[in-house]
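Thanks for coming. I will go through the ligand site, then one serine, then two backbone details.

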Amino acid sequence: MTEAANECGLILAAAGSGRRYGTAIPKQFSSLEGKPVYLRALETFFPYVSEIVIVTPQDWTAKVTEEIAQVAAPIRIKVQAGGDHRQQSVQNGLRRLSSDIGWVLVHDAARPFVSQSLVERVLDRARQTGAAIPVLPVHDTVKEVDAERVIGTVDRSRLRLAQTPQGFRRDLLEQAFAEAYRQGFMGTDESALVERLGERVRIVEGESSNVKITRRSDLKDRGR
Ligand code: CTP
Ligand code: MG
């Protein structure tokens, strides 16, 4: 990475197996209204990034490379094999970013409904501050429990649900991954790694429509 690196890159995390969704083809490669789920999210980012690294399961790299060649993309797209955990997949993607990339967005391929205004909101705030993520308020009452009983009720006004895309200054994100690796820490999003550095992560308003497809009902509930 050079001093002047100011371009933004996207890492699209698409290397999961979709165990909870339960289809033979991982959910991000299944067809949603005639288009693979991962391609829907991908195209939303075209106006904002100059490079995309799609991280896929090892045995999907050839097929995705073939599919991507059919897409009239205005930017560089690379395909990279992922790892057993999401964090390893994103780390593999991070290593593939070109030297002109100084800003990184990380997005779940399983969130195909992300809007351009959300991408813009996250990227603007990240460029201003170094790290930004979209969040939603928690509307349900939240209980802390053990195996059989309620231990207490959590103050939900201070809780938020984290979404993607999450945006970071590249060197900050690389430092966060290096430190997490050194400490053997495994997080469920990139923000968690940056938080552990003691760095501030800013929040922007997420979108309830930006669901992560996890179970079959996530699409049925939307009438899809
Ligand atoms: N992901 C990834 N590499 C992994 C695991 C997950 O790139 N080793 C990606 C998924 O493809 C998905 C996103 O991270 O786009 C969020 O993960 P999740 O919704 O948990 O997807 P899966 O891990 O595929 O689903 P499951 O946990 O049900 O197996
Ligand atoms: Mg998973």
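Start with the side chain of K27: one of its N or O atoms is 2.9 Å from an oxygen atom of ligand 1. That pair falls under my term polar contact, a pair of N or O atoms within 3.5 Å; within protein, one must be able to donate a hydrogen and the other to accept it, and residues adjacent in sequence count only if both atoms are side-chain atoms. With the protein in place, 90% of the 560 Å² of accessible area that ligand 1 has on its own is covered (Shrake-Rupley method, 1.4 Å probe).

Before going on, the conventions: this is a predicted model, where local features need pLDDT of at least 70, side-chain atom pairs count only at pLDDT 80 or more, and totals for chains, interfaces and linings use all residues. Residues are numbered from 1 along each chain as its sequence is written, chains are lettered from A and ligands numbered from 1 in the order in which they are written, and side-chain values use heavy atoms, with hydrogens and water left out.

The backbone also reaches the ligand. An N or O atom in the backbone of A15 lies 2.9 Å from an oxygen atom of ligand 1, and one in the backbone of H85 lies 3.4 Å from a nitrogen atom of ligand 1.

Which residues come nearest to ligand 1? They are A13, G18, R19, S89 and K212, out of 19 around the ligand, where being near takes a heavy atom within 4 Å. By type, that shell has seven charged, seven polar and five nonpolar residues.

Now the serine. S115 is in the loop between β6 (101-108) and α4 (116-129); helices (H or I, at least four residues) and strands (E, at least two) are DSSP runs, numbered from the N terminus. Its side chain makes polar contacts with the side chains of E207, at 2.5 Å, and S117, at 3.1 Å.

Last, the backbone. The peptide bond between T164 and P165 is cis, with omega about 10 degrees. E33 has a positive phi, near 45 degrees, and lies in the loop between β2 (31-32) and β3 (35-36).

How values were computed: Nonpolar A, V, L, I, M, F, W, Y, C, P; charged D, E, K, R; others polar.
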